[in-house]
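Reader: I'd like to walk through this structure with someone. Could you take me through it piece by piece?

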Number of protein chains: 2
Amino acid sequence: MSEAAFSPNEVSTVACVGAGVIGGGWVAHFLARGYRVRAWDPAPDAAAKLTRLVDRAWPALVELGLADGASPANLTVTGTLAEAVGEAHFVQESAPEKLDLKQKLLADIDAATPPGVVIASSTSGYGMTEMQVAAPAPERLVVGHPFNPPYLIPLVEVVGGELTADWAVEWAAEFYRHAGKSVITLSRELPGFIANRLQEAMWREALHMVANGEATVEQIDLSITDGPGLRWPLHGPCLTFHLAGGEGGMAHMLDHFGPSLKAPWTRLDAPELTPELRDRMVEGCHDEAGDRSIADLVRERDRAIIAVQRAVRAVREAGRG
Amino acid sequence: MSEAAFSPNEVSTVACVGAGVIGGGWVAHFLARGYRVRAWDPAPDAAAKLTRLVDRAWPALVELGLADGASPANLTVTGTLAEAVGEAHFVQESAPEKLDLKQKLLADIDAATPPGVVIASSTSGYGMTEMQVAAPAPERLVVGHPFNPPYLIPLVEVVGGELTADWAVEWAAEFYRHAGKSVITLSRELPGFIANRLQEAMWREALHMVANGEATVEQIDLSITDGPGLRWPLHGPCLTFHLAGGEGGMAHMLDHFGPSLKAPWTRLDAPELTPELRDRMVEGCHDEAGDRSIADLVRERDRAIIAVQRAVRAVREAGRG
C-alpha cells in the first residue's frame, strides 16, 4: 500500500458525493463511526435533504452505539465538489446510476482529490473498468458497493477495474473494515457483484411466478419471511444446505440431492455438478464451519431462528401499537 | 368441507409416518402444540431415533412456549402402520423422496386410515398428482410441505393433486393454521412449490459462481448473512424492493430500474416486464403493505435489521462462550 497518502486507520475526514438515499446513508454511517464528513450534491436542497436523512437515521445509530465523538454536527455540506473532496482522506461517490454521469463525475472527483486518497463508487450496476475511463489517476478508483441502508446493513463489496492498483483495493477493504463494515473483496469484476446476483436470481424467479399466475406477491413474501428467510441472517445458503445433509453435511447433500439440480424447480439451470465443484462446495463449508460440528451448527441455527422470530415479532407488534 | 370426519380444531391425535429429520421434526411440533402423536417407521430403531429427535428439540419448544398439556409423553411409537394411522384424525407422511415408495406408502396409509381423515405428504420433490395414483381414496391426499426444522420454521405449503378434493386442501390449510403453522395454499401444482423455487434460484446462481471461480462458499454466505439476508425475516423480496423505490414504492422501482432486468446480473433471464406484470407487482405490494406507509415500512425495516443483528450476534457469542 505504498501509494496511499494515509493508513486506513488514520482517516478522520470522509467526503460523500451525492445526497440521495445511498449517499445520505453513507453520510449517516460515517458520522456515527466518528468521522468528519464533507458532503456535496449539485441539488440546491442538498443540505436540507442530507440533514433530514441523518436526523431520521440517528436514533437507530444511537441504539446501535456511536463511536467516540460521533455527532451529526460533524457534517459539512459544501457549495462545490472541490471543497468536499479537497480535504478528504477518502471519497465515497453515490451519484445516480448513469454511466456517462459516473464517468464524468469520477474524473472530476479524481482531479480535485489530493494524491494518494482512495475514491470509491457505490455503483450497483457498473464495473469500475467502464467508469474509470476519463479519470486522470484511475489506479485509485474502486467500487465500494453498499446495501441499503448503508448505516445498518454491514456488507460492502469491494472490487477494482482494469486500471485500478491492488493497493487501492486493499486499502479500501481495510478502511471499510475499520469503519465497521463487513467486506467482501471480489477477485475480479462480475456484473451484479455477489449479493445482488443471488438476490436478483430469486427476484427474477419471483417475477416469473407472478407473471404466470403461479404465486401472488403476498405468497412470495410470506414464503421467505416465514420460511428460509428465517435462517439466512445466521447461515448463508451454503451453510444452510450443509445442514440439510444431516451429519454428512454438504458432501452428503450434494451426493444425495445432486440429481435434484436437474429438476425444474426454478427457471435457472444449475451448473454441471462436477467432482471439482462438489469438492469446492464441501471444502468451502468445512472451512466456513471451522471447529463447529454439524450438531453445533444445528444448535446455533435453532437458537437463531427463535431469536430472529422473537425480534421480528416485537418489531411487528410495536408497529401496530 | 362436508367430506371431512372432523373439523380441523377437533383434532386431538395426529399420525406421523417416517422417523427421519422431517418426520421427527413434525412429531416434535405436534407434541409441542398439545397433540397426541402416533408415529411409525419401518426402521427397527425408529422409537429410539424419534425419542432422541424430540428430546433435542424440546428445550427450544419450551422456550417458544408449549400448548396446554403438551408433553413428550404423548408420543406413541407403534409397531405397525395400521396402529399409527388407525386412530388418527390427521396423517403426516415424511418418507424418503422416492416416487415409487411414496406411491405405495400413501396407498397403504390411505387403506388403513379411517374415512374422512386428511393425509398429507411432506414431499419437497413430487406433485400429489404423481403420488396419489395407487391410493383408494385419493381425494383426501394433499401435499403439506414443511421447512426444516418443522418445529421452528412456520411455513407449510399446501397443494392438492388432480384427484384431490377442494375440501381436503381447505381442511389441511385450516388444520395447519390451527396447529400454529403459517400456510400458503397454492392454486395449482408447481415443481418446487414457491419457497424452494426462490431458494433454489439463489442456490443455483451460487453454484454457478463457485464453479466459475467468481466467488467462494464463504463469500456467498457472508454476502447474504451480512447483506440482504438481514431484511428477509421481516420483508420478503417484493416488499424489500417496494422500499427500494423510495416514496414511489414498487411502481417507481419497476419504472425506474425495470431496464436492469435485462442486465446480466444473474444467469436467470427475467420475464418481460409487461404492463400487466408491473401492475400486478404494484397492486400486490399495496395490498401487502395495507395501511403502512413507505415511511412506516422503512421504520419497521430499520428496527428489524437492528433487532435481528443483535439476536444473531447474541447467538454467535453464546456459541463461542
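Author: Sure! One term before we start: the domain bounds used here come from an automatic or database domain assignment. Also keep in mind that this is a predicted model.

Reader: Which domains does chain A have, and how far apart do their centres lie?

Author: The assignment splits out domain 1, covering 8–185, and domain 2, covering 227–320. Take the C-alpha centres of domain 1 and domain 2 of chain A, and the gap between them comes to 33 Å.

Reader: What kind of axis relates chain A to chain B?

Author: Turn chain A by 180 degrees, with 0.0 Å of shift along the axis, and it superposes on chain B with an RMSD of 0.0 Å. That relation is the one given by a two-fold axis.

Reader: Do the copies meet through the same surface or different ones?

Author: Chain A and chain B each put 93 residues into the contact. Of the interface residues of chain A, 100% are interface residues in chain B too, so the copies meet through the same surface.

Reader: Which helix of chain A gives the most to the side that touches chain B?

Author: Several elements of chain A supply at least two residues each to that side, among them helix 2 (46–64), strand 8 (182–185) and helix 12 (294–320). The residues there divide into 56 nonpolar, 20 polar and 17 charged. The top contributor, with 17 residues, is helix 7.

Reader: Are helix 9 and helix 11 of chain A roughly parallel or roughly perpendicular?

Author: Their axes are 10 Å apart and the packing angle is about 100 degrees. Helix 9 of chain A brings A:C238, A:L239 and A:H242 to the contact, and residues from helix 11 include A:M281 and A:G284. Angles of 65 to 115 degrees get one label, and that makes the pair roughly perpendicular.

Reader: Which strands sit at the edges of the sheet in chain A?

Author: The sheet is open, with 8 strands in the order 3-2-1-4-5-6-7-8 and mixed pairing. Within chain A, strand 5 and strand 6 run parallel, joined by 3 bridges. An edge strand pairs on one side only, and here those are strand 3 and strand 8.

Reader: What angle does helix 4 of chain A make with strand 5?

Author: Helix 4 spans residues 99–112 and lies across strand 1, strand 4, strand 5 and strand 6 of chain A. Against strand 5 of chain A, helix 4 runs at about 160 degrees.

Notes
Residues numbered from 1 in each chain as written. Chains lettered and ligands numbered in written order. Predicted model: local features only at pLDDT ≥ 70, side-chain atom pairs only at ≥ 80, totals over all residues. Least-squares fit on C-alpha atoms with pLDDT ≥ 70 in both. Contact = placed C-beta atoms within 7 Å. Helix = DSSP H or I, 4+ residues; strand = E, 2+ residues; numbered from the N terminus. Nonpolar A, V, L, I, M, F, W, Y, C, P; charged D, E, K, R; others polar. Axes fitted to C-alpha atoms, helices over the stretch in contact; angles between N-to-C directions. Parallel < 35°, antiparallel > 145°, perpendicular 65-115°, else oblique. Pairing = 2+ DSSP bridges.
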